[in-house]
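Please walk me through this structure, taking the strands, the disulfides and the aromatic side chains in turn.

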Amino acid sequence: MNATGRRRIRNSIANFIAGLAAIASPTLSAQESDQVFTVYDYENRLIGEYKTQAEAESAIREIPGPFEFFSDIFSYAREIKETIHTEDGKVRIVYWLGLDQPTDLEWRYPMGDQYFDNEADALQEQIAITNSNFPHCAVPTAVFTGGWEATWDNGDIGGERQVRPYSLTYFWGDDCGAEVIHTELDRLRKNECPSPPLYTFWMNSYGACVNEWAVASIVTTVSECPTQGASSGLVGNPCDVKTGEKVQNEEDFELDWVDLSRTYRSGVAYSTGGFGAGLPRLV
């Protein structure tokens, strides 16, 4: 068969599929959704109304931050924090930056311009720094005088910091006279949250790096799912009781060499489409 013949066959198949789609479309297009997705910012101010959840999510990512430093903070608000069902049959989907683990989950011990993995190495660095000032004198000694104690940075909001007191005996001057000072060794953890820096911070209550104020919401109706008596998952024909979204699969035809099926999703549907609301276009 030549190229012209093959092209005619392909065109005939495409027209055949399009014809079937036109016949089948009324079944699902009758379910066309007039659902509206309303976006509110972090102060519950109206941002706008959108036809699909995807459009509403895009609008959230365009919300400007309250300060120049946080100008693009909502571009990272891609995670759903919670879903709140209200008595008037609506659902509020709250978006935030999500939960992240810090890069410094283990204690780090700062000394000089370095961080050490344990207190012994940090204390040894203190001794080396002190001894470098008077290398002709005896090597200093350091002794802990108490245990680790939490400071105000205890992880309730921000990372954790603890201090441990110690005494340092060092020798200085031409005659290497002895001096004793009392100071503290620091240790830190859960301060390095993932980028962008300072957008999130550690909170013990979440066990993660979070940002509680950078939230935005999508409010929409829950009218397609009978949620009464359902706890979670899909019910009916089917409906997702967690989101109120109706999902329906339609198998139009299946042959050995081609098949056509469509999926209607009410919660994320375009108001119009090639095969009806919530259905993909034939491309």
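The paragraphs below describe a sheet, then the disulfides, then the aromatic contacts.

The model is predicted. A convenient place to start is an open sheet of five strands, ordered β2-β1-β13-β4-β3, in which the pairing is antiparallel. Strands β2 (46–50) and β3 are at the edges, and each has a single partner strand, so one side of each lacks a neighbour in the sheet. Averaged over the sheet and with direction ignored, neighbouring strands are turned by 20° against each other.

Strand β4, residues 90–96, has a neighbour on either side in this strand order. Five of the seven residues of β4 are buried, which leaves the strand mostly covered. Towards the edge, β4 runs antiparallel to β3 (residues 79–85), and six bridges join the two. Within this pairing, E79 stands opposite W96 of β4. Four residues separate β3 from β4 in a hairpin, and G89 in the turn has a positive phi of about 80°. K81 also meets W96: K81 lies over the face of the ring, 4.9 Å from the ring centre.

In the other direction, β4 is joined to β13 (residues 216–221) by six bridges, again antiparallel. Here V94 has S217 in β13 as its bridge partner. At the β2 end of the sheet, β1 (residues 37–40) pairs with β2 in the antiparallel sense over four bridges. V39 is one of the residues involved, and its bridge partner in β2 is G48.

The covalent cross-links come next. There are two disulfides in the structure. With the bonded cysteines numbered in sequence order, they pair as 1-2, 3-4. One disulfide is between C137 and C176, with an S to S distance of 2.1 Å. The torsion about this S-S bond of C137 and C176 is about -85°, so the disulfide is left-handed. C137 is in the loop between α3 (119–133) and β7 (141–144), while C176 is in the loop between β9 (160–172) and β10 (177–189); the pair therefore ties together parts 39 residues apart in sequence. The relative accessible area of C137 is 7%, so this cysteine is buried. C176, at 22% relative accessibility, counts as partly exposed because buried residues must be under 20%.

C193 and C209 form a disulfide as well, with their sulfur atoms 2.1 Å apart. Its torsion about the S-S bond is about -80°, so this disulfide is left-handed. It links C193, in the loop between β10 and β11 (201–203), to C209 in strand β12 (residues 208–210), 16 residues apart. Both C193 and C209 are buried.

Aromatic contacts are the last topic. The structure holds 13 aromatic pairs. In one of them, the rings of Y42 and F74 have centres 5.5 Å apart and planes at 15°, so the pair is stacked. Y42 belongs to the loop between β1 and β2, and F74 to the loop between α2 (53–60) and β3, so this contact ties together parts 32 residues apart in sequence. Y42 is partly exposed at 22% relative accessibility, whereas F74 is buried at 0%. The rings of Y76 and Y199 have centres 5.9 Å apart and planes at 75°, so that pair is edge-to-face. Because Y76 lies in the loop between α2 and β3 and Y199 in the loop between β10 and β11, the pair ties together parts 123 residues apart in sequence. These four residues belong to one aromatic cluster, which also includes F67, F69, F70 and W213.

Definitions and conventions: Residues are numbered from 1 along each chain as its sequence is written. This is a predicted model: local features need pLDDT of at least 70, side-chain atom pairs count only at pLDDT 80 or more; totals for chains, interfaces and linings use all residues. Side-chain values use heavy atoms; hydrogens and water are left out. Buried means under 20% relative accessible area, exposed over 50%, partly exposed in between (1.4 Å probe, protein chains only). Two strands pair if DSSP finds at least two bridges between them. Axes are lines fitted to C-alpha atoms, for helices over the stretch in contact, and angles run from 0 to 180 degrees between N-to-C directions. A disulfide is a pair of cysteine sulfur atoms within 2.5 Å. Rings of Phe, Tyr and Trp (its six-membered ring) pair if their centres lie within 6.5 Å; planes under 30 degrees apart count as stacked, over 60 as edge-to-face and the rest as tilted. A charge sits over a ring if NZ of Lys or CZ of Arg is within 6 Å of the ring centre and within 35 degrees of the ring normal.
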